[in-house]
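Let's take a friendly walk through the contacts that one chain makes with two partners. Have the viewer open, and we will go one interface at a time.

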Amino acid sequence: MEISLNTPAATLAEIGTIVDKAHVELHKCYQCGKCTAGCPMADSMDITPREVIRHLQLGLLAEVLRCEAVWVCASCHTCSARCPNEVDVAHLMEVLRQEAKKRNITPVPDVDKFARIFISNIRSFGKSHEVVLCASYNVWSGHLFQDVMTFPHLVMNKLVFFKPHVVKDKTAVRRIMDKALKGADKA
Amino acid sequence: MKYSYFPGCAMKGAGKAYDFSIKYVTKKIGMELLEIDDWNCCGATAAHSTSADLALGLNARTLALAEAQYPDLEIAVPCAACYSALRSALFSARSSKEKLAKIQDLIEMPYEGKNEVISFLETFSRPDAMKAITENVVKPLGGLKVACYYGCLTSRPAKIAGPDDVENPMQMDDIVALTGAISVDWAFKTECCGGAHHVSYQKGAVPLVDRILRNAQANGAEAIATACPLCCLNLDMRQGELNKKNGTDYNIPIYYFTELLAMSMGATPKEVGVEKHFFPALSLMEKYLVKGGSAV
Amino acid sequence: MSRIGVFVCHCGSNIASGVHIDKVVEAAKLFPNVVYCEDNKYTCSEPGQFKIKAAIVEHRLDRVVVCTCSPRMHESTFRKMLKGTTINPYMLEVANLREQCSWVHTDKDKATDKAISLVRMAAAKVNENTSLFPSKIKVTKRALVIGGGIAGMQTALDIADAGHQVTLVEREPSIGGKMVMLDKTFPTMDCSACISTPKMVECSSHPNITIMTSSEVEKVDGYIGNFQAIIRQKARYVDHSLCKGCSDCMDACPVQARNNFDLGLGKRKAVYTLFPQAVPNKAVIEKKGASPCKFNCPAHLDAHGYMALTGVGRYEEALGVVRRTTPFAGVLGRVCFHPCEENCSRNKIDQPLAIATVKRFLADNARKSGKLGKIAVTAEPKDQKIAIIGSGPAGLNCAYMLALEGYKVTVFEALPKPGGMLKVGIPDYRLDKAVLAEEIKLIEDMGVEIKCNTRIGKDISFKALRGKGYKAFFIAIGAHTDSKLNVPGEDALGVVAGVDFLRESNLGNNPKPGKRVIVVGGGNVAMDAARTALRLGSDVTVLYRRSEAEMPANALEIDHAREEGVKFEFLAAPMEIISENGKLSGVKSIRNRLGEPDAKGRRSPVPIPGSEFILGVDTLIKAIGQKVVQEDLTAAGFTLYDRWGNIAANAETKTELADVFAGGDAQTGPATVIEAIAAGNKAAKAIMNYLEGTELPIEPYLMPEATVEADELKNVPRAARGRMPMIPIQDRRSTFKEAELGFDEKTAVAEALRCVNCAVCSECRACETACQSKAILREQEDELITQDFGAIVVTTGYELIDWAPLYGEYGGGRYPDVITGLQFERLVNASGPTEGHILRPSDQTEPKNVVIIKCVGSRDENKGKAYCSRACCMYGAKHAHQVLDKIPDSRCYVFYMDVRTAGKGYEEFYGRTREDGAMYLRGRVAKIYQEGGKLICKGEDSLLGKAVTVEADMVVLETAMVPSPGVVKLAGILGISTDPDKWLNEAHPKLRPVETNSAGIFLAGTCQGPKDIPDTVAQAGAAAAKVSALFSNDELETNPMISKVIDEKCSGCGLCVGCCPYTAISLQEIEERVGALRVKRLVASVNHALCQGCGACAGACRPGAIDLQGFSNRQLLEEVDALCL
Amino acid sequence: MSVIKEWEPKILVFTCNWCTYTGADLAGLNRMKYPENVRLVRVPCSSRVNPQFILRAFMKGCDGVLVCGCHPGDCHYVSGNYFTRRRFMLMQRLLEYNGVDPARFQARWISGSEAAKFRDTMIRVSKEIKALGPNTKFREDWYVKEAIANEPSK
């Protein structure tokens, strides 16, 4: 498929805002691919981290916002640590994830679902609770039997507790979360 | 040696062995930990993937509580993910006056960004702690070959995590060496274990555990020491699964580095919860604890 | 009234299109003193200049304003033109109507207004101009070239060929630089050595070139034509006028040092030439100082020396090294508390070398093989007789040193056996007395007479001995009596002194301690007494008033005592001795706690009230310190003691009596054997000085300590300290057999080889013996040489970036098979460590898969340098070619960012390399790690958009060039500038590439920036041409636009002196007439040759007495005034 | 000319020969544009500038004075610009004490390659001084009031 590089100025401006949030200067990248080469998740990505940057350099925002790579990123920051040009790729991935979410684009739904459950878990208890977390995830995602074999071990060794630990001042935590999420997508 | 203590959610669940061993070691060496009252979850990857402010708010609340309760103490954090999240919030607070004002507004609490957040690798590698550990080692793990695994978040981003070396940190190696164990030189100390995806994206994450174990095995490690409940859980839980699925022969029990410390100080494996690991970790310890006599 | 001519230039349309020329001309005609004005199409052209000349004549002009382009462009053109007229060239001003007017403004009317203003300013200024005349300075026709690489050699040769003298200064011991390290040069594949070594030889044989190797420029003063440089000729420890370059010394040297020329891939000796074709081909010794073992030894034994010799199996020589200082190798090897080991650099990575035990091995081995031999006295026998009182280690060692020098020595000993504390203080289980006896016999065999059972004060006196012709005395009677406990009941039967107890035991008098023995004290005597009593069948408890950490006894002794069954009561002190019927029955003690640290930092014991307890005891041994027995000496007529009761003598062992010297425990109080030996040696020197009237140093020759940081030892393989074998524990408890057995040969050699050669040279002095020309100068020092030069060329070259600390992801230097391009050059070089075979440093096998990574440290703002290092693309291609050419069935992968092949034949060479089969991959490698003997390289092929992995056998990193270390310091010395990356700045990047901004100082080669050999050589030639052009003048014209002092106005305040960066201004005395008087006073005076015309002085002068010609106060004020009109 | 001329400040810029003057030439070479009201006086080194010159400029009707030289550490004459910096601080305080707005007397470090910085500095300084209006301090002429009255903004 042929790609047009006559990107509308508005899109370029949008890209500018996004990369500014991540403190990334796109022009600095000379496409050496050291980010991709060191990326533990690159194998599972549809486009490589280097290509994410390349797309943005060329003004192809839509392609980036709907790619899986941004969601597959494990936030390990190896790319940013090794980039010869100080491009903070990992931070950019994070900002792109937030942007995609704002537009309700979630190409890897499981990852998004887990994050939502995790956050609602905190909303409920102020602390995260592994059993509730995994159980709700398995129900929501449809992976009903994922890791159930580990459960007996966890129980026998008292590694799980069924009564969640809860923060005392739940309302304070909730208020902070609501304020922070105003503007972003509510979990 | 006195710190305010943020245990983090995992310490009350899957990370119990970490919790037990930290308590054992700190008691032995006279390190005092004062748990922050009413701390909340750091939000982990889920929070900062969703919104930068969410991660900031959740962590700033905990930091503000610590500042109010223990104004003179550094905050010691065992879990790498919590450590990273709390440090990020601390760095934001310290970045500018405007940012600090924004945080105060968000959490509706007084907060000045005063108290440093440090990891247990740091608390234990300070000279007084190192000295106290040396003095308390009574059952040296003479000759046990350990690969120290640091993971991502105690190493990166470097300016937040502040490791001694991004690619080849030595802090844990130096601490573990005090137990008489030998830390092996290997290449995957700071490679990612895929922790963030172990529930939601297993097909991508499990291979990462595979390559970490492979390199540890290739470099002659008999055990892996970790400093993060999540890393420990992943490496531990997937090992048997990988052996079954791929026909590999990994036999590398995973420990918290504090478990090794505790046992060298005389704790029985059961006392620190060694049997609680998924991959059988008891027999290796029994072997070394018998072997290691009093002479170094 | 001056007559000014104004000439306005159109500069084609450059000025004319932005400024109304006609208006400018009209306006200029009305300016004061302007008598003529015209415009011109191109004023700088031949006809333009002619018109000015004509106008000068026609209108009798005496000064000129040219309104044209920037004065930086054509001011000199017009000055030259004026030289051919009646007007002085400095009666000229240029108004900049182009760069600073027509080109930068858009409104033509406004620009015209500004142009008029600029012309007015120039006319006003020129009105105040005066004629200036340059003065002349002489040129010293000798060039200083700093750096002996290819650039330096080429520059030196070109200048020398032009007939001028050159001094070529090189930091390394040979000229040649980096180029001689290379194997082949791209793209022609010329052998690098074949084309550069002839240059080296040419330099050394050229009559006009003086080569100074191992030298550095320390200071440079002066100015173009007249520099004065101070050059430090570093000590080489070899007299180059005698050295024949035969390499005998290198064969003799036992030290294996890092071969820096092979970048650590091979080894060389401590005495070495840089490489076989070195120029000059003379040996140098690398000495970093005195190794910590030697430095911290009280007697400065050459520990490093005998360790090095032991490591290569030369035991007899090694023993000889010990015997330079003492005959007691066997004794010291057993009993010394070895401060050498405490200070061993290996402490920083694992455990110290077992230096003492290796020394013991040397003695034991000689004894076992019957090679203990005799110690030859080579000195002429001397007549003087010397008496030594006391045959302990101090006395005997003093006797030994004096005997070596040929003196007649008699040692008087009060006890029946010689050896002092060695004999009667140290128990047999620590020191087999046969060893002591044999080593004492060595001394006797040298002619020293030992008279036992002869007590000073009783059997002999100083007076009597002087009468018998003894010329000097050394008192070394030791400290053989005990300190008192000072508690009630101390005199009870059963309380004995530790020293007495040990003496009885050691003399074979079989003391019989009771069943229950308590030893009071925490020192080594306490341990010896405790362990002796234990062996005699007693149940022993040591009572010590502090805790174990404070015990002064050697830690190993405490461990051994505990192992053998000695019990300890810490933090307890005796209060009272309890007797029944005059016989000891118990000791009442009190518990202590530790109080505040005292002045020495030791925590003092504080009794805990009410904690008294009683221990039952049959024998109590006091071992809390020893004192000197004064009675005998006093009886002999010697009464000089210090306030501790020790003999009063100074650090050189001299007492107040000229012929009496004292040392050892008797002078210092109880101390160690090695300190006693040191004292004996010092006394011997002091006595020789006294007898011969010389003033030789008392202490042995010692360089500053050579310390090695832990960082430098990072890659030293870890190796455990040799284990000391011991006799079975039951034998240790019941017999006096030596507990420690010593090393066997294999262990001793392995131990010696653990040495990390802190000082590099071990000072074993094997080279001194080996050198037939006697060229070794062990105590040589650096020399400073001052010389005058007319020009300086800096050719200090480059270094490769230290990549290891920057690139942890490439193993950070932990993988031996990840090497740099320059290391690869050494591997592939026929004269390199592998004789040209490409072999992996780790296991010397041929790598089949080689990965080459470019831009390591270059183009990497994050970890290295932002710039491109220029040569790496090409030598990367060359390395790929060499791998594929030399290793059959090999594969070569080149990771690149871009391929830059701008140069003649370069792109073609790159093409051929790909044809050879090199696989070029566009991308940066993110990580290299070792797994299963392979180096796994993970990169992305960014053209494919996929992460790729290569399993390599060897990885070559083409690392960035960085300026040679020390270049910043040199730039400071020379007063030239560097860019942010520390490359030296050229005067102009396009037009003055080999000049610096300081006249007379030039640059060539990579000190200015990364470049390849052809560019370097071209620059070297260019710099030489510049120097030759400078030297073609006998004298130089100086810039006349310099400062000038008006004496009448000068108050002599000296403010200008301080602000002159060239020290051109000084205060000089002048004589002047005030009324009828002639008075002398100081005024400022400017050195014409030094002044560079900056005007800082004129800006600072309050009375306005100092002024800058050409930019005088009046000129500038007129200009300012004109601007404001 | 029929149009009443807008008031233009007179701005004097002392430039050292090696850095700022070269930078100004480079700005010309690159045809960069800046206001006409700046005039450069070339001196060998910024340290050549005597405080007397600055007072004279204000006396004679200058509205702003700039001293420009090499960056500290890069002086062609080794250390001249350090003297300039010290002298400048003192001078600025003296002028401020006498009621001269500090913006009227500034020092800037502009190297020979910083043409754009030269242009930007000229534009900014010109704008600043224009905004301040004519200088009235130290002026020797008696027509200061008149000059203010003629100010176009009034």
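A salt bridge here is a side-chain nitrogen of Lys or Arg within 4 Å of a carboxyl oxygen of Asp or Glu. By that rule, Arg175(A) and Glu108(B) form a salt bridge through their side chains, with an N to O distance of 2.9 Å. Please keep in mind that this is a predicted model, in which local features need pLDDT of at least 70 and side-chain atom pairs count only at pLDDT 80 or more, while totals for chains, interfaces and linings use all residues. Residues are numbered from 1 along each chain as its sequence is written, chains are lettered from A and ligands numbered from 1 in the order in which they are written, and side-chain values use heavy atoms, with hydrogens and water left out.

**Chain A with chain B**

The rule finds five salt bridges across this interface. Among residue pairs with both members at pLDDT 80 or more, 17 are in polar contact between chain A and chain B (a pair of N or O atoms within 3.5 Å; within protein, one must be able to donate a hydrogen and the other to accept it, and residues adjacent in sequence count only if both atoms are side-chain atoms). Several helices of chain A give two or more residues to the side that touches chain B, including α7 (89-102), α8 (109-125) and α11 (170-181). The largest share, eight residues, comes from α11(A) (helices are DSSP runs of H or I, at least four residues, numbered from the N terminus).

**Chain A with chain C**

Here the rule finds three salt bridges. One joins the side chains of Lys28(A) and Glu861(C), at 3.5 Å from N to O. Polar contacts between these chains come to 15 residue pairs, both at pLDDT 80 or more. On the side of chain A that touches chain C, α2 (34-38), α3 (49-57) and α6 of chain A each supply at least two residues, and α2(A) gives the most, with four.

**Contacts and buried area**

Contact means heavy atoms within 4.5 Å, and buried area is the accessible area (1.4 Å probe) that two parts lose on being put together, summed over both.

| Interface | Residues in contact | Buried area | On carbon and sulfur |
|---|---|---|---|
| Chain A and chain B | 54 residues of A, 56 residues of B | about 4,700 Å² | 61% |
| Chain A and chain C | 19 residues of A, 21 residues of C | about 1,600 Å² | 45% |

Which three residues supply 35% of the area that chain A buries against chain C? They are Tyr30(A), Lys34(A) and Arg82(A), and no other three residues supply more.
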